[in-house]
Amino acid sequence: MQYRTSRRSLLTATAAAAAAAATGATAHADPRRSAPDPHGQDRRLKKLIGRMSIEEKIGQLFVMRVYGHSATAPDQADIDANLKEIGVRTATELIAKYHVGGIIYFSWAHNTRDPHQIAALSNGIQRAGLAQRTPVPLLIATDQEHGIVCRVGYPAALFPGAMALGAGRSREDVRTVGRISGAELRAIGIRQDYSTDADVNVNPANPVIGVRSFGSEPTAVARLVAAEVQGYQSSQVAATAKHFPGHGDTAVDSHTGIPVITHTREEWERIDAPPFKAAVAAGIDAIMTAHIQFPALDPSNDPATLSRPILTGILREELGYDGVVVTDSLGMQGVRDKYGDDRVPVLALKAGVDQLLNPPDLAAAYNGVLGAVRSGELTEDRLDESILRILRLKDRRALFSSPYVAEGRVSRTVGIRSHLTAADAIAERTTTLLVNTGRLLPLSRRSAGRLLVVGADPASPTGTTGPPTTVLGKELTGLGFTTTVLSTGTAPTADLIKSAVAGAAGKDAVIVGTYDVAAGDAQSKLVAALVASGVPVVQIAIRNPYDIAALPGVRASLATYSWTDVELRAAARVIAGRVGPRGLLPVPVQRVDDPTKVLYPVGHGLTY
């Protein structure tokens, strides 16, 4: 729903007045222009906390999912999902019943259909928050990491992910990604991004981080983490460094199990800590915990999310961090293995957490905290401590002065030409050329103009891009090549492999997109069959850059670090010679037969 100027102005003024009345602040005050007054701010916020009931205080600690594109009128299927999982029909009812302090948007929850819808949903959520007995705006968040984790899709500007940016090695580019992405999120009412990923990915087998990390070198990762924090927060969107104390060396996905990090304390200081220290130094608004065991930091083997030695002893006391600490999703198995859903939030708060993200059973989690307060296990002062941090963040990001967004102005910010142009330019600086035997690349449309494009077509991270083979084929066709496209998937059958080999006959080159290849798997058999056909093969690793180690015989190999359109289009332009490859590996590629030996080191990257 869009409002006329007078209606929108009235909404904004009413919201600002309600929030200002709650805190005693001046409506419309711009915190970026106001003289800092931390003591006065805290006095106002403490008065607001003092007016809250115990139930309202507990609600402020939770950030919850909710199904639907609208705060008041979601589709019936989303109403049914809300009733089943949360016991309410709509976002408005969720806020009225539980007084939650934040909402997290997901594409699978149908929160992010298009920018104008998202803006209207955000405004509806804020209206519900400000209609409470104690009016408090909500902190709306999402995971907009870009690359393979992205909730807001096209027509928003979509950028390369962290490892691609690590290959580009430009702090200015990373800062630009944060600034533009932050501006677009803020325009649709999202004031917190669960990004940047501060994990140092030193394990090629890591199933959950991988290309979400800037790389394997702690110093390089730290530089880029700080730059992204600066970018997002310059656009008045809270950045969130994750996953503390470091999720980069695990072979277990914490969504499905409990990873154990075997680093020593000295290794943690050298490998995992630098990016988080850089985030703290950059003024990060929030830090997200990891559901991992880290025996060298806490021998109890509680997940870090529930560990007081890690969250209070190290993060608060040693690193000097006094911002918001938010859990990773409490629905993940890594935090549910040891304790029940009613105990996890209590133990997290006792460890030093402020925000409890997306519990699987909100009623159990909420009542668990309520019961702990009534029994004296948690004090009201402990709640107040976390709520003050949360309200400081909301105030810092202008939620008390400007809780609503101008729905009619969304298109002036989201997906505008200058943002899309910046995304393309940044992507061109990340594409990494690993192999170029006989200087096969760049291909000439005149002497090598007939191409076959085959490969994996994983689902779009946002549901609004791809499929990869089609994107590559379309871009190469636009660059003057005659292109045939055949999707062979991540596990091509023998018949598909035969079809691909047959399709290669008479072509000047085959472009094959690979996705997390393992030695001897179906994708490697496809590539081997294409190499054996005698047609030159150009391989593109569309996720992890390690694929080349299992693919001997390809004439050229590129890494894009993700399969989103912006990175694939850039790779096509590199193949065609419209731009030269400029990316440098941010992680080492090890040999398949002997992982102790490096095939391509950090910093490797060819050009022409």
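A salt bridge is counted where a side-chain nitrogen of Lys or Arg lies within 4 Å of a carboxyl oxygen of Asp or Glu. In the predicted model examined here, E385 and R389 satisfy this rule, with their closest N and O atoms 3.2 Å apart. Because these two residues stand four places apart in helix α14, about one helical turn separates E385 from R389. Their surroundings can be described through relative accessibility: at 39%, E385 counts as partly exposed, whereas R389, with a relative accessible area of 9%, is buried. The pair also belongs to a network, in which salt bridges that share partners join D42, R316, D322, D354, E385, R389 and R392.

By the same rule, the count for the model comes to 36 salt bridges. Another of them is formed by E380 and K57, whose closest N and O atoms are 2.5 Å apart. Since E380 lies in helix α14 (residues 380-396) and K57 in helix α3 (residues 54-60), this pair ties together parts that are 323 residues apart in sequence. Of the two partners, E380 is partly exposed, at 36% relative accessibility, while K57, at 3%, counts as buried. A further salt bridge brings together the side chains of D593 and R591, with a distance of 2.6 Å from N to O. Here D593 is exposed, with a relative accessibility of 59%, and R591 is partly exposed, at 31%.

Attention now turns to the nonpolar interior. In soluble globular proteins, nonpolar side chains tend to be buried together. The largest nonpolar core of this model contains 114 residues, and those with the most contacts inside it are L94, V100, I125, F244 and V369. Helix α13 (residues 362-375) supplies the largest share of this core, namely seven residues. Apart from this core lies another, of 62 residues, which includes L452, V512, V527 and V537. The surroundings of I125 give a detailed view of the contacts made by one residue: when residues up to four places away in sequence are left out of the count, I125 touches A71, A91, I95, I103, Y105, L138 and I140.

Two helices illustrate how buried and exposed residues can be arranged around an axis. In helix α4 (residues 76-85), the buried residues are D78, I79, A81 and N82. These residues lie on the same side of α4, because the arc that they cover around the axis is only 160°. The face turned away from this buried side carries A77 and K84, both of which are exposed. Following α4 comes G87, a residue whose phi is positive, near 85°.

In helix α17 (residues 494-504), I497, A500 and A504 are the buried residues. They cover an arc of only 60° around the axis, and therefore lie on the same side of α17. On the other side of this helix, D495, K498 and A502 are exposed. The packing partners of the buried residues of α17 are the strands β12 (450-455), β13 (482-487) and β14 (509-514), together with helix α18 (522-532). Just after α17, a positive phi of about 80° is found at G506.

Definitions and conventions:
Residues are numbered from 1 along each chain as its sequence is written. This is a predicted model: local features need pLDDT of at least 70, side-chain atom pairs count only at pLDDT 80 or more; totals for chains, interfaces and linings use all residues. Side-chain values use heavy atoms; hydrogens and water are left out. A nonpolar core is a set of buried Ala, Val, Leu, Ile, Met, Phe, Trp, Tyr and Cys residues joined through side-chain atoms within 4.5 Å. Buried means under 20% relative accessible area, exposed over 50%, partly exposed in between (1.4 Å probe, protein chains only). Contact means heavy atoms within 4.5 Å. The arc is that of the directions from the helix axis to the C-beta atoms.
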